[in-house]
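This report introduces one protein to a reader who has not met it before. Please look at the sequence and the structure first, and then read on.

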Amino acid sequence: FFYQLGGFHGVETILSGDDDLLLRKAVRENRWAIRYCLNPDSFVLTRPQRNSRALLSQRSRWASTTVTYETPVLQILTGIFLWYCWIILAIVAGGIALLAGAEWGGFLFAAGVLGFFWKSLWDYAVTRRGAYLFRRQKLLSAFLPTALLHIPMIVLPVIFGILGDFSWKGRNSR
């Protein structure tokens, strides 16, 4: 499979995403069908990053490959990114305007909070399904506290990843 695809030819200069890029290449160039193995014996557990800086660097590295995605996928991801940015902007700007006495501040703040709850509702549905699939239902108790961190942990790594501000295995992206 690997040799039939020409290995990593065409993506060898990209620091991250070799697995994802290889699978996308298989679908794009050879029309292979990709299926996920949902057998619990195939699941691999990994240790979490040692601190928040390492976590941010890991996520930035992952996000750095998004610029290589095909246009339809990139459009969807860009839409999600802009939606998350809008939620942050609406809550922050609405809160500041509300504190400054602007009548429209409450509307903007409420719209941002409603956007956050709408996003979180869908996130919970996906997370719950994954928790049951991977037999990690206990982790659902952490959903609410981590939901508050989710948007910044998506937006910031995308920005840092596109700017090339991350390191991996002792190599810097710059």
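Does G164 count as buried or exposed? G164 counts as buried, because its relative accessibility is 13% and the cut-off for buried is under 20%.

## The model as a whole

The model is predicted. It holds six helices and two strands, and along the sequence these follow the pattern α-α-α-α-α-α-β-β. Taken along the principal axes, the C-alpha atoms fill a box of roughly 65 × 40 × 35 Å.

The protein has 174 residues, and buried residues make up 26% of them. About 12700 Å² of the protein is exposed, with carbon and sulfur atoms supplying 65% of that area. Among contacts between residues at least 6 apart in sequence, 58% join residues at least 24 apart.

## The largest pocket

The volume of the largest pocket is about 2300 Å³. It is lined by 47 residues, and those closest to its centre are L55, Q58, R59, W62 and H150. By type, the lining divides into 28 nonpolar, twelve polar and seven charged residues.

Which helices contribute at least two residues each to this lining? They are α1 (18–30), α2 (52–63), α3 (71–99), α4 (103–133), α5 (143–150) and α6 (152–163).

## The nonpolar core

The largest nonpolar core consists of ten residues: A63, F81, Y84, I87, F116, F143, A147, I151, V155 and V158. Helices α3, α5 and α6 each supply at least two residues of this core. The largest share, three residues, comes from α3.

One of the core residues is I87. Leaving aside residues up to four places away in sequence, I87 touches G112, G115, F116, K119 and I151. Of these, F116 and I151 also belong to the core.

## K119, a buried lysine

Is K119 buried or exposed? K119 is a residue of helix α4. It counts as buried because its relative accessible area is 4%, and buried means under 20%.

The contacts of K119, not counting residues up to four places away in sequence, are with W83, Y84, I87, H150 and I151. Y84, I87 and I151 are members of the largest nonpolar core, while H150 is among the residues closest to the centre of the largest pocket. F81, another core residue, is 38 residues from K119 in sequence, and the two are 12 Å apart in space, C-alpha to C-alpha.

## S16, before the first helix

S16 lies in the segment before α1. Why does S16 count as buried? The reason is its relative accessible area of 4%, set against a cut-off of under 20%.

Not counting residues up to four places away in sequence, S16 touches L21, R61, W62, S64 and T65. R61 is 45 residues from S16 in sequence, yet their C-alpha atoms are 6.2 Å apart in space. W62, also touched by S16, is one of the residues closest to the centre of the largest pocket.

## Two loop residues

Where does R135 lie? R135 is in the loop between α4 and α5. It has a positive phi of about 55 degrees although it is not a glycine. R135 counts as exposed because its relative accessibility is 57%, and exposed means over 50%.

G164 lies in another loop, between α6 and β1 (167–168). As stated at the start, G164 counts as buried at 13% relative accessibility. G164 and G101 are 63 residues apart in sequence, and their C-alpha atoms are 40 Å apart in space.

Terms used:
Residues numbered from 1 in each chain as written. Predicted model: local features only at pLDDT ≥ 70, side-chain atom pairs only at ≥ 80, totals over all residues. Heavy atoms only, no water. 1 Å grid on protein atoms, 1.4 Å probe; cavity = no way out; pocket = protein on both sides within 12 Å on 5 of 7 lines; lining within 4 Å. Points joined across faces, edges and corners; volume = space filled by probe spheres on them. Helix = DSSP H or I, 4+ residues; strand = E, 2+ residues; numbered from the N terminus. Nonpolar A, V, L, I, M, F, W, Y, C, P; charged D, E, K, R; others polar. Buried < 20%, exposed > 50% of the residue type's maximum accessible area, 1.4 Å probe, protein only. Contact = heavy atoms within 4.5 Å. Areas by Shrake-Rupley, 256 points an atom, 1.4 Å probe, with all protein chains shown as cover. Core = buried A, V, L, I, M, F, W, Y, C linked by side-chain atoms within 4.5 Å.
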